[in-house]
Amino acid sequence: MTVNMADMRTFNVVVLGFSFMFIFTAFQTGGMIEQTVIQSVQQEGLFIGASGYNSLAIIYSVFAVANWGAPSVVSVCGPRTSMVIGAVMYCLFIAVFIYPMVWALYLGSVLIGLGAAVIWTAQGSFLTTNSTQETIGRNSGIFWALLQCSLLFGNLFVWKEFSGKETIDSKTRIQVYVVLLVVCCVGTLMLFVLRNRRPEDRSDLLNVNSGDQAGEGPLQAFRFELTFFSGVYGTCIGNTKAFGDQAKSLIGISGAFIGAGEILGGAAFGLGGKLTNRHGRDPIILFGFIVHMTAYYLIYINLPQSSPISDIVNDASYYPVLIDSNKYLAILCSFLLGLGDSSFNTQVYSILGFMFPEDSAPAFALFKFVQSLTAAAGFFYSTYLLLQWQLLILVVFGVAGTLAFFEVEWKTASASRKGYTQIG
């Protein structure tokens with residue numbers, strides 16, 4: 001019975017990872033090219049007044065607010081049904097770009113913000129209930145590696161479709177988004193394969209909650225970096241005319257290498273789950289911090305400072321940089337952004353599942369609230385701030401978030417040494 005139970009849990013984690021891989025192949029790929037596509041659509045006389053940055057800011061603003069109600073939805077509907085509801089919202093948003101209208105773009109942004117809160121809260125709850133104290137780190141790594149394959153496959157597809165194009169014509173846009181819509185629908189259908197667990201199947205997990213600690217991990221995980229790599233960095237590359245007619249297609253290559261970094265990190269940190277149990281999470285967080293700081297410096301010296309804003313206003317691609325813009329260095333930075341991001345995410349998922357085994361939905365909702373709130377702020381200021389100021393914000397909050405994680409990890413370890421309560 002124990003073997004069968006373990007097999008069912010692993011099955012659920014793997015299917016969950018593949019389902020999210022399909023859903024987020026559509027969304028993450030679409031998000032990375034959204035601003036670039038809108039700039040091209042506006043040259044056709046459509047989407048006038050629309051902004052990809054504003055759309056993404058609305059998504060994450062609604063996402064932040066909706067997180068307060070998401071645990072109730074998950075409690076009433078259950079994790080699997082909640083994830084299906086959220087996934088349908090993602091499908092609707094992708095469909096907006098097939099026939100673009102400004103009102104539909106912003107309505108779709110609101111709907112996907114609502115759906116994101118539900119799907120991610122349910123995902124955290126489902127992953128936790130299919131893990132034990134010993135497997136939560138491994139399962140977080142497996143899920144994260146599968147999820148980030150979405151960046152690899154989706155962006156390679158975009159690279160192929162955008163190659164040699166300075167603007168994205170309507171035929172290419174429709175073809176790309178129809179494919180992404182189909183992929184998103186496949187991921188949604190895969191959620192029905194997940195097996196619900198029975199209450200009596202719960203395994204004992206450590207509960208290290210103690211008073212004020214309950215919200216510190218998620219509340220201090222500031223994630224402006226999510227904004228930068230998921231929507232801004234690709235636009236910077238696409239707006240750099242020093243890359244010639246390859247600039248737009250390099251957005252796809254950049255996204256693929258972000259995905260490669262995410263996959264490598266997720267796999268490494270997942271397979272190294274036993275080492276994490278022995279040495280703690282701090283070394284992985286420190287590694288991610290160093291990787292990100294390195295990437296930010298290289299981006300600062302390599303890309304034009306006005307590249308996040310436009311390839312037309314102020315002749316962005318010709319703004320001075322400290323070195324000649326190098327496309328290979330830009331792609332290396334993409335890989336570093338993904339690798340660093342995976343180190344933070346796998347450990348945040350691991351510590352939340354470890355600390356809140358029996359009531360994980362509110363904990364994950366609180367984490368996603370702060371993450372999406374900072375992401376929304378990031379997309380709002382991305383419309384106005386030059387690259388160097390955006391990078392400075394990333395550095396400041398990167399330092400703050402890393403120190404906060406060290407504090408939470410220390411308190412968690414202290415609570416474990418003093419004694420813990422078995423749940424079950």
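A quick definition before we start, everyone: a crossing of two helices is called right-handed if the near helix is turned clockwise from the far one by less than a right angle, and left-handed if the turn is anticlockwise. Keep that in mind, as we'll use it twice.

What you have on screen is a predicted model. The protein chain contains 15 helices and two strands. Of its 424 residues, 59% are buried. And if you take the contacts with a separation of 6 or more, 86% of them come from residues 24 or more positions apart.

Let me take you along one stretch of the chain, beginning with helix H3, residues 70–77. Which residues of H3 are buried? They are Ala70, Pro71 and Val74. Looking down the axis of H3, these buried residues fall within an arc of 100°, so they line one face of the helix. Ser75 and Val76, on the other side of H3, are exposed. Then, just after H3, comes Gly78, with a positive phi of about 90°.

Next, helix packing. Two packed helices are described by the angle between their axes and the distance between those axes. So let's do that for two pairs.

The first pair is helix H4, residues 79–95, with helix H5, residues 102–129. Their axes come within 7 Å and cross at roughly 155°. Angles over 145 degrees count as roughly antiparallel, so that is how H4 lies relative to H5. What is the handedness as H4 passes H5? The crossing is left-handed. Sorted by class, the residues in the contact of H4 with H5 are 16 nonpolar and seven polar, with no charged ones.

The second pair keeps H5 and brings in helix H6, residues 136–162. Here the axes come within 11 Å, and the crossing angle is roughly 140°. H5 and H6 are therefore oblique to each other. Here is where our opening definition comes back: H5 and H6 make a right-handed crossing.

Which residues make this contact? From H5 we have Trp120, Gln123 and Leu127, and from H6 there are Asn139, Ser140, Phe143 and Leu147. Four residues of the contact of H5 with H6 are nonpolar and three are polar, and again none is charged.

To put the two pairs side by side, H4 and H5 are roughly antiparallel with a left-handed crossing, whereas H5 and H6 are oblique with a right-handed one. Thanks for listening, everyone!

Note on methods. Residues are numbered from 1 along each chain as its sequence is written. This is a predicted model: local features need pLDDT of at least 70, side-chain atom pairs count only at pLDDT 80 or more; totals for chains, interfaces and linings use all residues. Side-chain values use heavy atoms; hydrogens and water are left out. Buried means under 20% relative accessible area, exposed over 50%, partly exposed in between (1.4 Å probe, protein chains only). Helices (H or I, at least four residues) and strands (E, at least two) are DSSP runs, numbered from the N terminus. The arc is that of the directions from the helix axis to the C-beta atoms. Axes are lines fitted to C-alpha atoms, for helices over the stretch in contact, and angles run from 0 to 180 degrees between N-to-C directions. Angles under 35 degrees count as roughly parallel, over 145 as roughly antiparallel, 65 to 115 as roughly perpendicular and the rest as oblique. Ala, Val, Leu, Ile, Met, Phe, Trp, Tyr, Cys and Pro count as nonpolar, Asp, Glu, Lys and Arg as charged, and the others, Gly among them, as polar. Contact means heavy atoms within 4.5 Å.
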